[in-house]
Amino acid sequence: MTDRLRHLLTLDGLGGERIDELLDVADAMHPHAMGGTALRHVLAGRTVCNLFFENSTRTRSSFQLAAQRLGADVLNFDIGASSVKKGESALDTLRTLEAMGVDAFVVRHAENGAVAALANGAKPATSLINAGDGRSAHPTQGLLDMLTIRQRKGCDFGALSVLIVGDVLHSRVARSDLHALRQLGCRDVRVCGPASLLPGANVTAGCSVGQTLDAMVEGVDVVMMLRLQRERMEEGLVPSLDQYFRDFGLTPARLARAKPDAIVMHPGPMNRGIEIADDVADGAQSVILDQVANGVAVRMAVLKALLGG
Ligand code: CP
């Protein structure tokens, strides 16, 4: 058993043992993640605040449900209707809500390192969870992705080939997945995308990197597609959305090059017809909605690790 976590800011350096522990707890909580009252005692009397400076469907909703299913009070702070719009800083906002008795903040912010900076300014008893900062990290997405892989492919990550495709350069999801895959012992991690959307060797250390999806997808167990942010075309990083789909879209023909039982993942939101074909997104090998469901279980496990007991 590892020491108690105070914050969850990144998976980098967390260690395989801690990641496995969180995934084991999430697995055990999974039957309760879709509803019921069996675990409502776990965080009774605690208060969790969703503080999202960027939009979200999956992360924000699943943190709300996870906290409620553990019995916590949940404050979904509405940035748009708040004094942030009058110029109040993120830290003053956090301290104001802390003074009202919030125990944990789930924070999403556009700037790299913003959640860590808030954690530095918080009271010693307050916990922060990074729900995505800039392109740095999205640790609970990394955990729910690992749980989804474990459920379908078993715990021996060393035996798996995992391919990450798309805009890796700007993706906090890819970074957290890479952090987790390395620490869980995955040896064959492949990264594929246009040269303009591939990050430097500091991010892809130990991975095979390529720009030809047909070759990179050959024989893999897991294909993780990433969302192409449409503004990348305006920035000139991809020639056109049609061309991107021709080169990097996951079609049934391309997926047929992976192992026959390969799984297809996507963190969402998806751009159908740009990075993934409808019949792959909705096909038998897609586990995209399993990822969503696992998001609730993983976030319950993380909240319990930080606040429970
Ligand atoms: N995967 C993910 O972070 O989705 P949301 O932006 O909807 O939270």
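This passage describes the ligand site, the largest pocket, the largest cavity and one cis peptide bond of a predicted model. Local features are reported at pLDDT of at least 70, side-chain atom pairs only at pLDDT 80 or more, and totals for chains, interfaces and linings use all residues. Residues are numbered from 1 along each chain as its sequence is written, and side-chain values use heavy atoms, with hydrogens and water left out.

The ligand is surrounded by Ser56, Thr57, Arg58, Thr59, Arg108, His138, Gln141, Pro267 and Gly268 (a residue is near if one of its heavy atoms lies within 4 Å). This shell holds one nonpolar, six polar and two charged residues. Here Ala, Val, Leu, Ile, Met, Phe, Trp, Tyr, Cys and Pro count as nonpolar, Asp, Glu, Lys and Arg as charged, and the others, Gly among them, as polar.

Polar contacts to the ligand are pairs of N or O atoms within 3.5 Å. An N or O atom in the side chain of Thr59 is 2.6 Å from a ligand oxygen. Thr57 uses its backbone: an N or O atom there lies 2.9 Å from an oxygen atom of the ligand. A polar side-chain atom of His138 also lies 2.9 Å from a ligand oxygen. On its own, the ligand has 260 Å² of accessible area, and the protein covers 90% of this (Shrake-Rupley method, 1.4 Å probe).

The space taken by the ligand is the largest pocket (more than half of the ligand's atoms lie within 2 Å of its grid points). A pocket is an open set of points on a 1 Å grid over the protein atoms alone, with protein on both sides within 12 Å along at least five of seven lines; a cavity is a set where a 1.4 Å probe fits but cannot get out; lining residues have an atom within 4 Å of a point. The largest pocket holds about 620 Å³, as the space filled by probe spheres set on the points, joined across faces, edges and corners. Its lining has 25 residues, with Arg108, Arg172, Arg227, Gln229 and Pro269 nearest the centre. Five are nonpolar, twelve polar and eight charged. Helices α2 and α6 (172-183) each give at least two of them; helices are DSSP runs (H or I, at least four residues), and strands are E runs of at least two.

Pro269 lies in the loop between β9 (263-265) and α12 (278-281). The peptide bond from Gly268 to Pro269 is cis, with omega near -5°. Most peptide bonds are trans.

One cavity of 30 Å³ or more is present. The largest cavity holds about 60 Å³. Its lining includes Arg58, Gln141 and Pro267. Helix α13 gives the largest share, four residues.

How values were computed:
A polar contact is a pair of N or O atoms within 3.5 Å; within protein, one must be able to donate a hydrogen and the other to accept it, and residues adjacent in sequence count only if both atoms are side-chain atoms.
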